[in-house]
Amino acid sequence: MKRIYLGTNLKMYKTNRETVSYLKELREKTAAFRRPELEMFVIPSFTALPEAVAAVEGEIKIGAQNMCWEDAGEYTGEISPRMLKAIGIDLIEIGHSERRHKFGETDSDVNRKVLAALRHGFTPLVCIGETEADKAYGVTAERLREQLKLGLYGVTGEQARQLWIAYEPVWAIGVGGKPAAPEYANRAQQVIKETLAELFPGCDQEIPVLYGGSVNSQNAASLMTQPAIDGLFIGRAAWEAESFAAIIKQILELCESRW
Ligand code: PGA
């Protein structure tokens, strides 16, 4: 079976206690079917990270939702790579649509964070995606290529093997979002894969490209069976341990019968 990436970003919803009980339940509910091919990850709020790491005992990968590019300094309110390293985090989400659109993060901020994450040996989960307007103007492919080329500027081929990419069309994310049709998502993900092949020839095959944006138990299977989709990055539909576990089980059964 090929490697499958299934994870969730908890955004700004769960307290420490809620995060820990969610993770414990998720561990229990997935214990019977977790397997080495499954990369399962959860990205809680910063404040819950140490307790989250302790709660999963290595069985679920825990990531951070953001990170400063500097190791230390006059950056009030920021969290440095050293701090995340010290609590055993190895996955850093960078450039989520909400960071870009609500906090003004640019591709060059994303780039600084990606380079810092790689310097510290983290796996950067780099999120990209076109807006509704980009889609309407027919510039989705250009926008994705631009975000990749700027966000990954200066990354070496060797470092590129550490990257994970999430394709999350802005119009598909969150309450009011419309899930991308599987064929549309596949075409966009194909553009991403082609761009990665141009940027990192020989290493691109090792970079997983996940889809995110209104994934749920009804559309997860049809998205996951698209050839250019290596995993799913889920929001709302994964915030109850039971529903996330059910999606994971469904996808594993599907993949096992196909690959
Ligand atoms: P959603 O969130 O599944 O609730 O649309 C996806 C995301 O923001 O990554």
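Student: Why are α5 and α7 called oblique to each other?

Tutor: Helix α5 (residues 107-119) and α7 pack at an angle of about 45 degrees, with their axes 8 Å apart. Angles under 35 degrees count as roughly parallel, over 145 as roughly antiparallel, 65 to 115 as roughly perpendicular, and the rest as oblique. α5 and α7 are therefore oblique.

Student: Where do these values come from?

Tutor: This is a predicted model, where local features need pLDDT of at least 70 and side-chain atom pairs pLDDT 80 or more, while totals for chains, interfaces and linings use all residues. Residues are numbered from 1 along each chain as its sequence is written, and side-chain values use heavy atoms, with hydrogens and water left out.

Student: And what counts as a helix or an axis?

Tutor: A helix is a DSSP run of H or I with at least four residues (a strand is a run of E with at least two), numbered from the N terminus. An axis is a line fitted to C-alpha atoms, for helices over the stretch in contact, and angles run from 0 to 180 degrees between N-to-C directions.

Student: What makes α7 and α9 oblique to each other?

Tutor: Helix α7 (residues 140-151) and helix α9 (residues 182-199) pack at about 40 degrees, with axes 10 Å apart. Set that against the angle classes, and α7 and α9 are therefore oblique.

Student: Which residues of α7 meet α9?

Tutor: Contact means heavy atoms within 4.5 Å. Thr140, Ala141, Leu144, Arg145, Leu148 and Lys149 in α7 do this, with partners in α9 including Tyr184, Ala188 and Val191. The contact of α7 with α9 has nine nonpolar, two polar and three charged residues. Ala, Val, Leu, Ile, Met, Phe, Trp, Tyr, Cys and Pro count as nonpolar, Asp, Glu, Lys and Arg as charged, and the others, Gly among them, as polar.

Student: How do you know which residues are around the ligand?

Tutor: A residue is near a molecule or strand if one of its heavy atoms lies within 4 Å of it. The residues around the ligand include Lys11, His96, Gly174 and Arg236.

Student: What makes the pair of His96 and the ligand a polar contact?

Tutor: A polar contact is a pair of N or O atoms within 3.5 Å; within protein, one must be able to donate a hydrogen and the other to accept it, and residues adjacent in sequence count only if both atoms are side-chain atoms. A polar side-chain atom of His96 lies 2.8 Å from an oxygen atom of the ligand, so the pair fits. For Arg236, a side-chain N or O atom is 2.6 Å from a ligand oxygen.
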